[in-house]
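Reader: I am in my first year of study and should like to look closely at a single part of this structure. Would you please take me through the sheet and the parts of the chain that belong with it?

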Amino acid sequence: MTSLLSTLNRCLRSTARLCNVSQPKVVYKSHFIAGSRWSTRWSSRSTHTSETARGSPASGKYRTGVLIATGVFGTVAAGACHLQQAEMATRVKKVEEEEEGDVAERCRSFMSLPVTDVRVLERRKQEMSSRMEMLIMETQAEFCRALQDVDGGTFKVDRWSRQEGGGGVSCVLQDSKVFEKAGVNVSVVFGHLSEEAAKQMRSRGKELKAKDGKLPFVAMGVSSVIHPKNPHVPTVHFNYRYFEVEEADGSKQWWFGGGTDLTPVYIDEADAVHFHSVLRDACNKHDPQYYPDFKKWCDRYFFIRHRGETRGIGGIFFDDLDSPNQEEAFSFVKSCAKTVVPCYLPIVRKHLGDKFTQQEKDWQQIRRGRYVEFNLVYDRGVKFGLATPGSRVESIIMSLPLTARWEYMHEPSRGTKEAEMLEVLRNPKEWV
C-alpha cells in the first residue's frame, strides 16, 4: 500500500507541474503512545517515561483520502499527464481523519487528566471543543517534557477548578537549574461572558447578540512563558486558544487565536533565523501569506507603545481566525502548536554553557522589566483573564518573572551589545 501511494504521489506531482496547479499532499501519520502511565486512580506517573516521535497530521488547503487513493490513482496510472488543466485545478476536499486513537489512552501521556471528564471527551471527540482540548493538553505535555529533559528539574502540576465552570492545569518549574521560572498553563473555562469581556470582544469587531443579557461561552487555550537564568538563553512565549460564543438565536460564533514569539536579551542572528524559519515553514503548509501577515501582526501587537520598542524579536501572532473554515483553521493551529519544541529547544541547548557577566545579568533584569510592563498594560490574554469572573489570578500572573529591574533613565552606551539589541527592538527586522 505504501508503494502504491508513493507511486501515486509521484504521478500527482508530475501532473501538477505540467498542469501548473497545486497538488494535494498525501501524508503518512505515525502514532505514539507515551511510555508513562497513570495509576488506576489517575493520580501519579510512573518514573519510567519513553516516547516515540509523533508524525505530523495532514495539513494544507487540500483534503486527501480514500477518493484520491482509489479514484484518482486509476486515472493517473492510465495517463494522468493528459488530464485537462480545468480538471486538475478543481480542489480536492481533504478529509481530516482523527487518527490519534482512543481518548483515554492519549490522556495517559498528559501531565494531568484533562479539565473535561475523559468520558465526555470520548463521547464528543468529533466536536471542535473536545479536539482543541486534547491538542492543548498534548502541547503542554510535550513542551514540559522537553524542558524537563534539558533542565533536569520536575514541573509542579497544579490542577484547579473554577466555580463558574471549568478549570485548568498549571505546570510550573521554578528556580531550577536552567530556568528561573517556566510555566505552561492549560485552561478550559465556560459560563457566561461578563459585560466587560463581551465589550472587549465587540471592540474587536465581534457583533455578539445576548439573550436576556447573557452570552454562554467556552474558552480554552495553552499558554507558556519561559524565563531562563542565563541571559544568553532567550525568553519564549506561546499561546494557542479557541473561543465559542452562543448568541440569542442559538447560533455559535467561533474563532482561534495565538502565536509564538521570542524575546532575547542579546541578539544572535542564527537563533533569530532558526526561530522564524520554523514558524514560516509551519505557516507555508497552509497559506504562504500567513507568515508575512502574522509576523507583521506580531511586531505590531508586542509593541510597548510607551517605550517605543517591541517586546522582543517577534514571531507570529493572529487572532479572530475564523476562515476559510473551522477544519482548516484548526489544522493550522495544530501545525503552529507542533512548532513550540523545535523552534525553541535547539536555541536553549546551544547556549546552555555560555558564560555571562554581572553586567549582562543586570541587562537581562532590565529587559524583564519591559516584559512585565507589556504583560500588565497591553496583553489581551491577561486583560481577558482578569475580566472573567472566577478566573485564577495565580495562573494569569504565572507569565511574570521571579525577578526584574527598573533603573531610572537607563540607556545603554553606544556601540555595545545592549545598544545593538535596543536598535533591533526599535526597528524590527525581517529575519527570513
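Author: Let us begin with one pair of strands. In this predicted model, strand 6, made of residues 252–263, pairs with strand 9 in the antiparallel sense, and six bridges join the two. One of the residues concerned is D261, whose bridge partner in strand 9 is G315. As background, the strands of a sheet pair through backbone hydrogen bonds, either parallel or antiparallel.

This pair belongs to an open sheet of seven strands, whose order is 1-2-3-4-5-6-9 and whose pairing is antiparallel. At the edges stand strand 1 (156–161) and strand 9 (314–321), each of which pairs on one side only. On average, and with direction ignored, neighbouring strands of this sheet are turned by 5 degrees against each other.

Helix 11, residues 340–351, packs on the sheet. The strands that helix 11 touches are strand 3 (179–192), strand 4 (216–228), strand 5 (235–246) and strand 6, and its direction makes about 15 degrees with that of strand 6. Which residues of helix 11 are buried? They are V340, C343, Y344, L345, I347, V348 and H351. The length of helix 11 can also be checked: at 1.5 Å a residue, its twelve residues should span 16 Å, and the end C-alpha atoms lie 18 Å apart, which agrees.

At the other edge of the sheet, strand 1 pairs with strand 2 (residues 166–174), again in the antiparallel sense and over six bridges. Within this pair, W160 stands opposite G168 of strand 2. The two strands form a hairpin with four residues between them, and there G165 takes a positive phi near 140 degrees.

Beyond that hairpin, the loop between strand 2 and strand 3 holds D175. The phi of D175 is near 55 degrees, a positive value in a residue other than glycine. To see why this deserves a remark, recall that most residues other than glycine have a negative phi, and that most peptide bonds are trans. Is D175 buried or exposed? Its relative accessible area is 54%, and exposed means over 50%, so D175 counts as exposed.

Strand 9 offers a second case of a positive phi. D320 is placed in strand 9, and its phi is likewise near 55 degrees, a positive value in a residue other than glycine. After strand 9 comes the loop that leads to helix 10 (326–337), and P324 has its place in that loop. The peptide bond from S323 to P324 is cis, with omega near 0 degrees.

Helix 10 itself is mostly covered, with eleven of its twelve residues buried. Among the buried residues are F330, F332 and V333, and the list also includes E327, E328 and K334. For helix 10, the twelve residues at 1.5 Å each should span 16 Å, and the end C-alpha atoms are 16 Å apart, which agrees.

The strands also take part in enclosing space. How many cavities of 30 Å³ or more does a search of the whole structure find? The search finds five, and the largest cavity has a volume of about 780 Å³. This largest cavity is lined by 41 residues, of which S187, S223, N239, G381 and V382 lie nearest its centre. Several strands give two or more residues to the lining, namely strand 3, strand 4, strand 5, strand 6 and strand 9, and so do helix 7 (195–203), helix 13 (380–387) and helix 14 (393–396). The largest share of this lining comes from strand 4, which supplies seven residues.

Finally, the sheet may be placed within the whole chain. The chain has 15 helices and nine strands. Of its 432 residues, 53% count as buried. Among the contacts in the chain with a separation of 6 or more, residues 24 or more positions apart account for 73%.

To review the part you asked about: the open sheet has seven strands with antiparallel pairing, and its edges are strand 1 and strand 9. Helix 11 packs on this sheet, and strand 4 gives the largest share of the lining of the largest cavity.

Definitions and conventions
Residues are numbered from 1 along each chain as its sequence is written. This is a predicted model: local features need pLDDT of at least 70, side-chain atom pairs count only at pLDDT 80 or more; totals for chains, interfaces and linings use all residues. Side-chain values use heavy atoms; hydrogens and water are left out. Two strands pair if DSSP finds at least two bridges between them. Axes are lines fitted to C-alpha atoms, for helices over the stretch in contact, and angles run from 0 to 180 degrees between N-to-C directions. Contact means heavy atoms within 4.5 Å. The expected span of a helix is 1.5 Å times one less than its number of residues. Buried means under 20% relative accessible area, exposed over 50%, partly exposed in between (1.4 Å probe, protein chains only). On a 1 Å grid over the protein atoms alone, a cavity is a set of points where a 1.4 Å probe fits but cannot get out, and a pocket is an open set with protein on both sides within 12 Å along at least five of seven lines; lining residues have an atom within 4 Å of a point. Grid points are joined across faces, edges and corners, and a volume is the space filled by probe spheres set on the points.
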